[in-house]
Amino acid sequence: MTELKSLLAECMWPDDVRITRELDSYLTDDSRGLYGEVIHHRLVGLIGIVSYSEEAVELKHIAINPQYRRLGLGTKLIYEYMHSYNPAKIIAETDQDTIGFYSKIGFEIHSLGEKYPGVERFQCILSKDHELILQGIRS
């Protein structure tokens, strides 16, 4: 449980009450799921998904332990989820700091404008069609 909280703190405002509440939501709400990457018996990455329908899921959280970043684990988790659960699209919302990551792995980026004073937010969408194209390239 400590590793889960630590990873969630990597992608959320590090407020213990908020992190505990979010983790409880994943553990009790059937529309939510946490999917992780374990290396040497240690949880080193996770994605948190909220399923709205067969058509769309939201990538609510993505976190990789700082020691394991830039190894492709975030990309791997997203594509493994798409392959296993086959949603038509994955939607994420982010800020300027991480749109490069989403763009690099094939998400379409759309500005949502300044959602908070001085902070532009972006909607990122990865469609199943794009993921299938990438699989064909990798084969």
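User: Which residue forms a salt bridge with Arg32?
Analyst: In this predicted model, the closest N and O atoms of the pair are 2.6 Å apart. Arg32 sits in strand E1, and its partner, ten residues away, sits in helix H2. That partner is Glu22.

User: Are Arg32 and Glu22 buried or exposed?
Analyst: The two residues link distant parts of the chain, a strand and a helix. To count as buried, a residue needs under 20% relative accessible area. Both Arg32 and Glu22 are buried.

User: How many salt bridges does a search of the whole structure find?
Analyst: The pair of Arg32 and Glu22 forms one salt bridge. Glu37 and Lys76 form a salt bridge too, and so do Glu93 and Arg121. For the whole structure, the search finds six.

User: Which residues are linked with Glu37 in a network of salt bridges?
Analyst: The side chain of Glu37 meets that of Lys76, with 3.0 Å from N to O. This pair spans 39 residues, from strand E1 to helix H3. The network links Glu37 with Lys76 and Glu80.

User: Is Lys76 buried, partly exposed or exposed?
Analyst: Its partner Glu37 is buried, with a relative accessible area of 11%. Lys76 has 34% relative accessibility. Buried ends under 20% and exposed begins over 50%, so 34% falls in between. Lys76 counts as partly exposed.

User: Which strands does the salt bridge of Glu93 and Arg121 tie together?
Analyst: The two side chains meet at 3.1 Å, N to O. Glu93 is partly exposed at 29%, while Arg121 is buried at 17%. The residues are 28 apart in sequence, so the pair ties together separate parts: strand E4 and strand E6.

User: What is the order of the six strands in the open sheet?
Analyst: The pairing in this sheet is mixed. E5 and E6 pair in the antiparallel sense over seven bridges. Neighbouring strands are turned by 25 degrees against each other on average, direction ignored. The order is E1-E2-E3-E4-E6-E5.

User: Which strands stand at the edges of the sheet?
Analyst: An edge strand here has a single partner strand, so one of its sides is left without a neighbour in the sheet. Two strands fit, residues 32-39 and 108-116. They are E1 and E5.

User: Which residue in E6 is the bridge partner of Glu114?
Analyst: E6 covers residues 119-127 and pairs with E5. The partner of Glu114 lies in that strand. It is Glu120.

User: At about what angle to E1 does helix H3 run?
Analyst: Helix H2, residues 16-28, lies across E1, E2 and E3, at about 100 degrees to E1. Helix H3, residues 73-85, lies across E1, E2, E3, E4 and E6. Its angle to E1 is about 130 degrees.

User: What separation do the C-alpha atoms of Phe107 and Ile125 have?
Analyst: Phe107 is in the loop between helix H4 and E5. Its relative accessibility is 4%, so Phe107 counts as buried. Beyond its sequence neighbours within four places, its contacts include Ile78, Tyr102 and Ile125. Phe107 and Ile125 are 18 residues apart along the chain, yet their C-alpha atoms are separated by 4.9 Å.

User: Which residues does Asn65 contact, leaving aside its neighbours within four places in sequence?
Analyst: Asn65 is in the loop between E3 and H3. It counts as buried, at 12% relative accessibility. Its contacts are Leu7, Arg42 and Val44.

Technical notes
Residues are numbered from 1 along each chain as its sequence is written. This is a predicted model: local features need pLDDT of at least 70, side-chain atom pairs count only at pLDDT 80 or more; totals for chains, interfaces and linings use all residues. Side-chain values use heavy atoms; hydrogens and water are left out. Two strands pair if DSSP finds at least two bridges between them. Helices (H or I, at least four residues) and strands (E, at least two) are DSSP runs, numbered from the N terminus. Axes are lines fitted to C-alpha atoms, for helices over the stretch in contact, and angles run from 0 to 180 degrees between N-to-C directions. Contact means heavy atoms within 4.5 Å. Buried means under 20% relative accessible area, exposed over 50%, partly exposed in between (1.4 Å probe, protein chains only). A salt bridge is a side-chain nitrogen of Lys or Arg within 4 Å of a carboxyl oxygen of Asp or Glu.
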